[in-house]
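This report covers two topics: charged side-chain contacts and the pairing of one strand. The structure is shown first.

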Amino acid sequence: MLPSLLRNLYRRIPTQRVILLQNNADFSSQRVAIALRSKKAKSDKPTTQYFVDCKPVRTVGGKGGDGCISFLRLWCNENAGPDGGDGGNGGHVVLQATSDVRDLNHLTTLLSADPGNNGRNKDCHGKNASHTIVKVPLGTIVKTSSGKVVGDLNGEGMMFVAARGGAGGKGNHFFISDLEQAPQVAEFGGNGEDKSYILELRSMAHVGFIGLPNAGKSTLLRAISRARPKVASYPFTTLKPHLGMVQYDDYEQIAVADLPGLIPDSHKNKGLGIQFLKHAERCNVLLFVVDVSSEEPWNHYQTLMHELTMFSEELANRPRMIIANKIDLPDAERNLQLLSHHVDVPVIPISAKMGTNVSELLKEIRVVYDGLKNESTRVTDQNA
């Protein structure tokens, strides 16, 4: 029943969406990579890791070292003159884009650099402090507290100086002149810059699960990856996104995100709506997880689409599919047939808890992912 149902649904998709969502007849003519089941057991650590895609940070540059006031005393020349050295420069706080990290979970709210060393006698200058280089994921956007974009780290090794260190102070040897041969003055080292930023990731995951609370998004993510979002037999909602990786037999990895549940009027910032909707902005493909055992599940999809449309028209036009979850419960089969007649996007019935049709879902995810990848390659070649 599933292939015929999907074939009929694909025929009702508008022309502009057919580029990314091909029909099942095309799938049979080309091999689709098979998702691999992870042989490594899930972590047994008590702390569950969650994905951080936005974080406010405060950056403080290192203070410059102070200059020294000193006069050289020799047994053969008691008036040898001033010999106070300069202080060293403070270190910068530098953000560096790298593929070694995937999120902002490792960052602390305060990023500070080391101060420079003070100058000493005998014209010994203080040592310059080393710069503090903080690694951030590729695609990190740096914004000021007012929301102005000041940095876009979209390439491997790109750097952004978030806070400059203070300059070292001059010692009294620097102030020697024809009129002042014995200056008793030196400079304090300059203070480093103290700035606040908001770091955001342009891309969070390839695929994002969107749905109302208790639709089964966390259960589905646990079924297809090694992620460990909390699941329980009582109703609650996820408050922070979790990320899982789905591996395929051609060594391709697709990042899948379990996004916090949306509620009606989220675009009006009801609850934590705007914050939750921003997570969805960083996903390339949206999969709407709908509890097909509930009454009129198509209303759930329409509610979610309304929230996305009111928040961003571009977000509502991204490739999407509907995952009809909990088909193992009573009345699910009847609601599934009704749901397919009320929506104009593909519907994939599954049971995340029992594992029904999960392999078919992973196949459809890979097909959409390959379509996006090929489209991106074609656009890049045209621009070149």
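A search of the whole structure, which is a predicted model, finds 11 salt bridges. Three of them are listed below, with the distance between the closest nitrogen and oxygen atoms.

| Acidic residue | Basic residue | N to O distance |
|---|---|---|
| Aspartate 66 | Lysine 63 | 3.1 Å |
| Glutamate 193 | Lysine 195 | 3.9 Å |
| Aspartate 370 | Arginine 366 | 2.8 Å |

**Pairs with partly exposed residues**

In the pair formed by aspartate 66 and lysine 63, the lysine counts as partly exposed because its relative accessibility is 32%. For the bridge between glutamate 193 and lysine 195, both partners can be assigned. Glutamate 193 has a relative accessibility of 29%, so it is classed as partly exposed. Lysine 195, with a relative accessible area of 36%, is partly exposed as well. The 3.9 Å separation of their closest N and O atoms falls within the 4 Å cut-off that defines a salt bridge.

**The pair in helix H9**

Where do arginine 366 and aspartate 370 sit relative to one another in helix H9? The helix spans residues 358-383, and the two positions are four residues apart, which means that about one helical turn separates them. Their side chains meet at 2.8 Å, N to O. Is arginine 366 buried or exposed? At 5% relative accessibility arginine 366 counts as buried, because the limit for that class is under 20%. Aspartate 370, in contrast, is partly exposed, its relative accessible area being 24%. This pair also belongs to a network of salt bridges that links Asp250, Arg366 and Asp370.

**Strand S1 and its partners**

Strand S1 covers residues 54-60. In a regular strand, side chains point alternately to the two faces of the sheet. In S1, the covered face carries Lys55, Val57 and Thr59, while Cys54, Pro56, Arg58 and Val60 lie on the uncovered one.

Which strands does S1 pair with, and in what direction do they run? Strand S10, residues 194-201, runs antiparallel to S1 and is joined to it by seven bridges. Within this pairing, tyrosine 197 of S10 stands opposite valine 57, a residue of the covered face. Lysine 195, described above as partly exposed, falls within the residue range of S10.

Strand S5, residues 110-112, runs parallel to S1, and three bridges join the two. Here serine 112 of S5 is the residue opposite valine 60, which belongs to the uncovered face of S1.

Note on methods:
Residues are numbered from 1 along each chain as its sequence is written. This is a predicted model: local features need pLDDT of at least 70, side-chain atom pairs count only at pLDDT 80 or more; totals for chains, interfaces and linings use all residues. Side-chain values use heavy atoms; hydrogens and water are left out. Buried means under 20% relative accessible area, exposed over 50%, partly exposed in between (1.4 Å probe, protein chains only). Two strands pair if DSSP finds at least two bridges between them.
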